[in-house]
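Student: I am new to this structure and would like a close look at a single part of it. Please take the second largest pocket and describe what lines it.

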Amino acid sequence: MSPVNSHVPHGQSTLRTVQVLGGGNAGSSAHVRSLAAGLVARGVRVTVCAPAEADFAYGFTVVGADHVHVPRSSDPVSVAALRTACAGADLVHAHGLHASFRAALALSGRRTPLVVTWHNHAHAEGPRAHLLRVLERRAVKSATVVLGTTSELVDRARHRGARDARLAAVALPRPRAAYEHPDRPRSKVRAELGATGRPLLLAVGSLDPHRGHELLLDAARAWRLANPVPLVVIAGEGPLRPLLQRRIEGEELPVRLVGRRDDVGELLAAADLALLPGSREARSVLAQEALHARVPLVAARTGGISELVGEAAELVPHRDAEAFAAAVLRLLGDPERRQALQDLGVRQAATWPTEDETVAQVLSVYDELTRSMPLGRR
């Protein structure tokens, strides 16, 4: 694939881009790393503006990008640091609502094209809902192009006043494919977790309110009546851990909190079902990993999950613990349906864009926005 600057006359500098990331969830952070790697490989200069811990976790500099530490805050000092980092950039690409809002502030008064990607479905209630709408309007009205990872996000951007909003599906970078480690076969992983002779259900995600883990505990009450009783393992860490642990112990629920793990691929390989009780991720990382790994998925119908998985998962109404519990028990008792979901999952995953296709689409947007740029800017 040719670099984006193939149209630039001989002697001109390559395209200079700044990728802006806020705190960043797993999906958007991994996407920025993937995008940075693809852009650098195609001759584009990339600077990633993100908190230092994000570079430590995702290795933007490892793939050839420059990294500038910019805190997630929108205070004047952070915005000034971002404005300095964007000086001389041919194009700025912000990922997520807060990053795009800060990028809009930093670029105020400049003619630098701003591309915004919305990865997730932001939600707020009460007075914060009004603030959210203000942030969204400012971000999309400042953007030259808004890329939404689902049709719903594209519609939302247009409703908020975006001049140009487009659908841009994002590939899952290097999925943590389920695999059996030579020293830890599936049977050993299940034994370590306490799931010998019983179904193993896996949920992965930070222990935050919007993840739906409390609904998962509500559903687990029904699973206590199954024979054998399935074990629910939740991999992740967060502020709700004390509350969840008290409920698990007080209600004697068949649930284990195993904290943040670096062996999710092995856990997934050992699981009978993957569970997604709630998520604002437009393209859930766990959902993609489960389908890639042929692990049947039960998910609440939230965000862009329907658009992502199609018919390849059991989808239940959002915030309906009874329906979620029933779907899990029904699936555990129906091996033919589980096999059908495995086959459907493989076919559905084959329709998702690859990393190369994702980078190519972004490059085409960059090319469109910078093609007529004055020679002095290149």
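Tutor: Two helices, α6 (151-159) and α8 (213-223), each supply at least two residues of the lining of the second largest pocket. Of these, α8 gives the largest share of that lining, with 4 residues. The model is predicted, and the pocket described here is computed from it.

In total, 22 residues line the second largest pocket. Those that lie nearest its centre are H210, R280, T302, H318 and R319. Sorted by class, the lining has 10 polar residues, 7 charged residues and 5 nonpolar residues. Arginine counts as charged, whereas histidine and threonine fall among the polar residues. By that rule, R280 and R319 near the centre are charged, and H210, T302 and H318 are polar. The volume of the second largest pocket is about 430 Å³.

A separate point concerns the cysteines. The structure holds 0 disulfides. C49 is in no disulfide, and the cysteine sulfur nearest to its own, that of C86, is 5.4 Å away. A disulfide requires two cysteine sulfur atoms within 2.5 Å. Seen from the other side, the sulfur of C86 has its closest cysteine sulfur in C49, and 5.4 Å is too far for a bond. C49 counts as buried because its relative accessibility is 1%, and C86 also counts as buried, at 1% relative accessibility. The cut-off for buried is under 20% relative accessible area.

Note on methods:
Residues numbered from 1 in each chain as written. Predicted model: local features only at pLDDT ≥ 70, side-chain atom pairs only at ≥ 80, totals over all residues. Heavy atoms only, no water. 1 Å grid on protein atoms, 1.4 Å probe; cavity = no way out; pocket = protein on both sides within 12 Å on 5 of 7 lines; lining within 4 Å. Points joined across faces, edges and corners; volume = space filled by probe spheres on them. Buried < 20%, exposed > 50% of the residue type's maximum accessible area, 1.4 Å probe, protein only.
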